[in-house]
Amino acid sequence: AAAAGGGVAAFKAEHDAVALPDVPKPKSVLAAEERAARRKAQASTVNAIASKADLDAHCYGLAAAKTCVVGVGDVELNDLAAKYSREGYSL
């Protein structure tokens, strides 16, 4: 009855509760987190175009659902790349 008004901490103290060990994440969850981190890193990446092969790979060779944006000169596009990658743009 005393634990009812004291909350979780009072209940644990009254019953000598032992903390459960950390449960490892399943491999599928770890893999999904890794894919999400890789997608996020790729989304904010701005590709440097130094040759025709780079242009083909990063602009002309994109999937039909993507659009290429080319910035000329010293243009900071990382924030825009992260913002618009969800909408299918590649910078």
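How many helices and how many strands does the chain have? It has 4 helices and 2 strands. Keep in mind that this is a predicted model.

Now the order. Walk along the sequence and you read α-α-α-β-α-β. So much for the layout.

Next, confidence. The chain averages a pLDDT of 76. Of the residues, 81% score at least 70. Where is confidence highest, and where is it lowest? It is highest in α2, with a mean of 87. It is lowest in strand β2, residues 89–90, with a mean of 69. A word of caution follows. Where pLDDT is low, we should not read the predicted coordinates in detail.

Let's turn to the surface. The chain has 91 residues, and buried ones make up 11% of them. About 7400 Å² of the chain is exposed. Carbon and sulfur atoms supply 59% of that area.

Now contacts along the chain. Take the contacts between residues at least 6 apart in sequence. Of these, 39% join residues at least 24 apart.

On to charged pairs. How many salt bridges are there? The count comes to 2.

Here is one of them. E33 pairs with K25. Their closest N and O atoms are 2.8 Å apart. The cut-off for a salt bridge is 4 Å, so this pair qualifies. Are these two residues buried or exposed? Neither word fits, because a residue between 20% and 50% relative accessibility is called partly exposed. E33 sits at 39%, so it is partly exposed. K25 sits at 45%, so it is partly exposed too.

Then there is E34 with R38. Their side chains meet in a salt bridge, 3.1 Å from N to O. What separates these two along the helix? About one helical turn, because they are 4 residues apart in helix α2, which covers residues 27–43. R38 is partly exposed, with a relative accessible area of 49%.

Let's move to strand β1. This strand covers residues 67–68. T67 lies in it. T67 has 40% relative accessibility, so it counts as partly exposed. Now look at T67 and E87. They are 20 residues apart in sequence, and their C-alpha atoms are 9.1 Å apart in space.

C68 is in strand β1 as well. At 25% relative accessibility, C68 counts as partly exposed. Compare its position with L55. The two are 13 residues apart in sequence. From C-alpha to C-alpha, C68 and L55 are 9.7 Å apart.

Last stop: L77. Where is L77 found? In the loop between β1 and α4, and α4 spans 78–84. Is L77 buried or exposed? L77 is buried, because its relative accessibility is 10% and the cut-off for buried is under 20%. Now pair L77 with V46. They are 31 residues apart in sequence, yet 6.6 Å apart in space, C-alpha to C-alpha.

A quick recap. The chain follows α-α-α-β-α-β. There are 2 salt bridges, by the count. One joins E33 and K25, and E34 and R38 form another. Confidence is highest in α2 and lowest in strand β2. Thanks for listening.

Methods
Residues are numbered from 1 along each chain as its sequence is written. This is a predicted model: local features need pLDDT of at least 70, side-chain atom pairs count only at pLDDT 80 or more; totals for chains, interfaces and linings use all residues. Side-chain values use heavy atoms; hydrogens and water are left out. Buried means under 20% relative accessible area, exposed over 50%, partly exposed in between (1.4 Å probe, protein chains only). pLDDT is the predictor's confidence in each residue, from 0 to 100. Contact means heavy atoms within 4.5 Å. Accessible areas come from the Shrake-Rupley method with a 1.4 Å probe; for residues, only the protein chains shown count as cover.
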